[in-house]
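Work through the exercises below with the model open. Try each task before you read its solution.

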Amino acid sequence: MILTFTGETPVLRRRDAHATVSDMAKTKRQLAREEIAQREIGHTQVCSGTAWILAGLFLATIFAVPITQAVYEIREHAAGDRESARPGCFDIFASPLRAAGAFDD
């Protein structure tokens, strides 16, 4: 028996009619972990529905905290406990102006 590789599929071909199991064991080559990994690179199978769900959950996780903070601060302003209705996360955009003003003096 001869083990040949055609593309990515190993094919076992019979050399003679009297091949034994020990002959097959001798000709089969064990693939190393690196060789298996190299063959499987780029062959991940994920359904498109699963990919969309995972992407949506990722985005929801990323945006959950800032949105919750903004809603909380707007409600504080509506209750009269806060001066500005603008959420505090937008204060970062005023920082470069304050920094530039500090160097003008």
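**Exercise 1. Classify Glu73 by accessibility, then place it and list its contacts.**

Step 1. Glu73 has a relative accessible area of 9%, so it is buried. The classes are buried (under 20% relative accessible area), exposed (over 50%) and partly exposed (in between), with a 1.4 Å probe and protein chains only.

Step 2. Glu73 lies in helix H3, which spans residues 48-79. Helices (H or I, at least four residues) and strands (E, at least two) are DSSP runs, numbered from the N terminus.

Step 3. Set aside neighbours within four places in sequence. Glu73 is then in contact with Arg82, Arg86, Pro87, Gly88 and Cys89. Contact means heavy atoms within 4.5 Å.

A note on the source: this is a predicted model, where local features need pLDDT of at least 70, side-chain atom pairs count only at pLDDT 80 or more, and totals for chains, interfaces and linings use all residues. Residues are numbered from 1 along each chain as its sequence is written, and side-chain values use heavy atoms, with hydrogens and water left out.

**Exercise 2. Find the salt bridges and give the accessibility of each partner.**

Step 1. Apply the criterion: a side-chain nitrogen of Lys or Arg within 4 Å of a carboxyl oxygen of Asp or Glu. The structure holds 2 salt bridges.

Step 2. Glu73 pairs with Arg82, with the closest N and O atoms 3.6 Å apart. Glu73 is the buried residue from Exercise 1. Arg82 is partly exposed, because its relative accessibility is 24%.

Step 3. Arg86 and Asp91 form a salt bridge at 2.8 Å, N to O. Arg86 is at 45% relative accessibility, so it counts as partly exposed. Asp91, at 34%, is partly exposed too.

**Exercise 3. Locate Pro87 and describe its surroundings.**

Step 1. Pro87 sits in the loop between H3 and helix H4 (95-104).

Step 2. Its relative accessible area is 8%, so Pro87 is buried.

Step 3. Beyond neighbours within four places in sequence, Pro87 is in contact with Ala70, Glu73, Ile74 and Arg82. Take Ile74: it is 13 residues from Pro87 in sequence, and the C-alpha to C-alpha distance is 6.7 Å.

**Exercise 4. Which residues form the aromatic pair, and what is its geometry?**

Step 1. A search of the whole structure finds 1 aromatic pair. Phe90 and Phe93 form it, and it is stacked: 6.3 Å centre to centre, with 25 degrees between the planes.

Step 2. Check the cut-offs. Rings of Phe, Tyr and Trp (its six-membered ring) pair if their centres lie within 6.5 Å; planes under 30 degrees apart count as stacked, over 60 as edge-to-face and the rest as tilted.

Step 3. Phe90 is partly exposed because its relative accessibility is 39%. Phe93 is exposed, at 60%.

**Exercise 5. Identify the nonpolar surface patch and place one member.**

Step 1. Phe58, Leu59, Ile62, Phe63, Ile67 and Val71 make a nonpolar surface patch of about 590 Å². Patches are made of residues with over 30% relative accessible area and no salt bridge: like charges are joined within 9 Å, nonpolar side chains (Val, Leu, Ile, Met, Phe, Trp, Tyr) within 5 Å.

Step 2. Ile62 belongs to H3. It is at 47% relative accessibility, so it counts as partly exposed.

Step 3. Recall the helix geometry. An α-helix has 3.6 residues a turn, so residues three or four places apart point the same way.

**Exercise 6. Summarise the fold, burial and confidence of the chain.**

Step 1. The chain has 4 helices and 2 strands, in the order β-β-α-α-α-α.

Step 2. Of its 105 residues, 5% are buried. Helix H2 (residues 33-40) has 8 residues and 0 buried, so it lies largely in the open. Gly42 follows H2, with a positive phi near 80 degrees.

Step 3. Among contacts between residues at least 6 apart in sequence, 18% join residues at least 24 apart.

Step 4. Mean pLDDT (the predictor's confidence in each residue, from 0 to 100) is 78, and 70% of residues reach 70 or more. Confidence is lowest in strand E1 (residues 2-6), at a mean of 49, and highest in H3, at 95.

Definitions and conventions:
Accessible areas come from the Shrake-Rupley method with a 1.4 Å probe; for residues, only the protein chains shown count as cover.
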